[in-house]
Amino acid sequence: MIYLIILLVVKKIILLEKIMFHIIANPVSGKGNGLKALNKVEEIFTEKGVEYTVHKTEYIGHAQELANELSQNPDTKLIVMGGDGTFHETLCGIDKFENITLGLIPCGSGNDFIRSSGHPKKIEKAVDIILGGNASYIDFIEMDNGLRCFNTCGAGIDVDVLLKREKCKILKGKAAYFYALLYSLAHTKFYGMRLTIDGETKDMRVFTIGVGNGGFLGGGLPLCPGAKVDDGLLQIGYVNEVKRWKIPAALMVFLRAKHVTTSWGGEVQGKEITIESLDGGYFQLDGEILYETKLTMRVVSDTLKVFR
């Protein structure tokens with residue numbers, strides 16, 4: 001038995017030595033955590049004799065360009081290191097999905113997607129999953145404008161927060177986010193939305209709404225708590241307009257993911273969704289602002305293979 005175990009270990013080492021991993025790394029993600037995480041991954045790979053090439057992102061959109069280029073080559077093992085924004089860019093860049101097996105190592109600020117996908121936060125465990133070699137398909141969202149989304153597409157206060165944070169020039173990082181959140185809550189707006197799910201349309205007036213492949217946004221807010229990344233469905237979570245004096249209590253319910261059982265919130269499923277802002281509000285895709293007022297999207301299954 002001991003000889004069989006030794007043989008299997010040696011065989012795995014030999015196989016790893018033959019595999020080249022490409023790493024797209026955002027060194028400034030998570031306020032510098034990206035660079036620390038990259039150093040740790042390189043240390044582990046060097047110790048194990050794993051061959052790899054690092055592609056550091058240098059500007060917005062660079063991960064998308066790198067993913068497009070790397071996906072042209074068959075049997076590419078592509079590791080993405082960063083936050084939800086880097087994951088989003090990489091997904092949008094992949095041209096030939098049949099060539100790619102994707103590994104995810106989260107090192108951003110929010111890391112919302114992995115809360116639903118089940119990928120570990122710890123670098124060592126994430127690397128173990130990748131080197132273990134087991135992969136399966138997960139879903140993603142594809143827009144009619146060609147954009148893709150890993151986690152959530154949302155509208156309402158989450159976009160208001162992003163817009164306010166973008167305008168904040170004095171504060172940075174989490175301080176800027178919390179300032180933008182408090183400001184947006186103090187100046188709460190409700191948005192008219194026209195939602196079409198698999199051909200059925202209804203108008204709504206919402207505090208927030210999201211279409212999720214994953215269930216969380218904004219660093220752990222459970223807008224679509226029932227979302228699963230491999231069920232072939234999109235989850236639509238929402239909080240309707242409520243009286244302003246009820247907002248604090250409603251938020252406490254929302255934070256516990258209980259809004260889906262209330263009279264002012266809910267969650268439904270579908271495969272093809274059209275969502276239109278009737279008041280000129282914008283959307284966010286994986287935390288990135290999209291200056292459009294109408295989106296049609298669908299779930300894409302059995303296309304993206306990920307180490308899990």
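User: How many salt bridges does the structure hold?
Analyst: The structure, which is a predicted model, holds 10 salt bridges.

User: What pLDDT does the chain average?
Analyst: The average is 92, and 94% of the residues score at least 70. Residues 4–12 have a pLDDT below 50. Beyond near neighbours in sequence, that stretch has two contacts in the model.

User: How should I read a stretch like that, in detail or not in detail?
Analyst: Not in detail: that is the rule for predicted coordinates where pLDDT is low.

User: Back to salt bridges. Which residue does Arg205 pair with?
Analyst: Arg205 pairs with Glu241, and their closest N and O atoms are 3.4 Å apart.

User: Where do those two sit?
Analyst: Arg205 is in strand 9, residues 200–212. Glu241 is in the loop between strand 10 (234–240) and helix 9. The two are 36 residues apart in sequence, so their salt bridge ties together separate parts of the chain.

User: Is Arg205 buried, exposed or partly exposed, and what about Glu241?
Analyst: Arg205 is partly exposed, at 39% relative accessibility. Glu241 is also partly exposed, with a relative accessible area of 39%.

User: And Asp230, what does its side chain meet?
Analyst: The side chain of Asp230 meets that of Arg308 in a salt bridge, 3.2 Å from N to O. Asp230 lies in the loop between strand 9 and strand 10, and Arg308 in the segment after strand 15 (294–307), so this pair ties together parts 78 residues apart in sequence. Asp230 is partly exposed at 43% relative accessibility, and Arg308 is partly exposed at 33%.

User: Which residues are joined into a network by salt bridges that share partners?
Analyst: Lys40, Glu43 and Glu124 are joined into one network that way.

User: What about Arg148, buried or exposed?
Analyst: Arg148 is buried, with a relative accessible area of 11%. The side chain of Arg148 forms a salt bridge with that of Glu142, at 3.6 Å from N to O.

User: Now Asp160. Where is it?
Analyst: Asp160 is in helix 7, which covers residues 157–167. Asp160 is buried yet has no salt bridge.

User: Why no salt bridge there?
Analyst: The nearest side chain of opposite charge is Lys189, at 5.1 Å. A salt bridge needs the nitrogen and oxygen within 4 Å, so the pair does not count as one.

User: Which residues is Asp160 in contact with?
Analyst: Leaving aside neighbours within four places in sequence, Asp160 is in contact with Ser184, Lys189 and Tyr191.

User: Which residues are closest to the centre of the second largest pocket?
Analyst: They are Asp160, Leu163, Lys164, Lys189 and Tyr191, out of 14 residues that line the pocket. The volume of this second largest pocket is about 310 Å³.

User: Which helix gives the most to that lining?
Analyst: Helix 7 does, with five residues. Helix 8 (173–186) supplies at least two residues of the lining as well.

User: Change of topic: how many cavities of 30 Å³ or more does a search of the whole structure find?
Analyst: The search finds one. The largest cavity has a volume of about 40 Å³.

User: What lines it?
Analyst: The lining of the largest cavity is Phe207, Val239, Val242, Ile247, Ala250, Leu251, Phe254 and Trp264. Helix 9, residues 247–255, gives the most to this lining, with four residues.

How values were computed. Residues numbered from 1 in each chain as written. Predicted model: local features only at pLDDT ≥ 70, side-chain atom pairs only at ≥ 80, totals over all residues. Heavy atoms only, no water. pLDDT = per-residue confidence, 0-100. Contact = heavy atoms within 4.5 Å. Buried < 20%, exposed > 50% of the residue type's maximum accessible area, 1.4 Å probe, protein only. Lys, Arg positive; Asp, Glu negative; His and termini not counted. 1 Å grid on protein atoms, 1.4 Å probe; cavity = no way out; pocket = protein on both sides within 12 Å on 5 of 7 lines; lining within 4 Å. Points joined across faces, edges and corners; volume = space filled by probe spheres on them.
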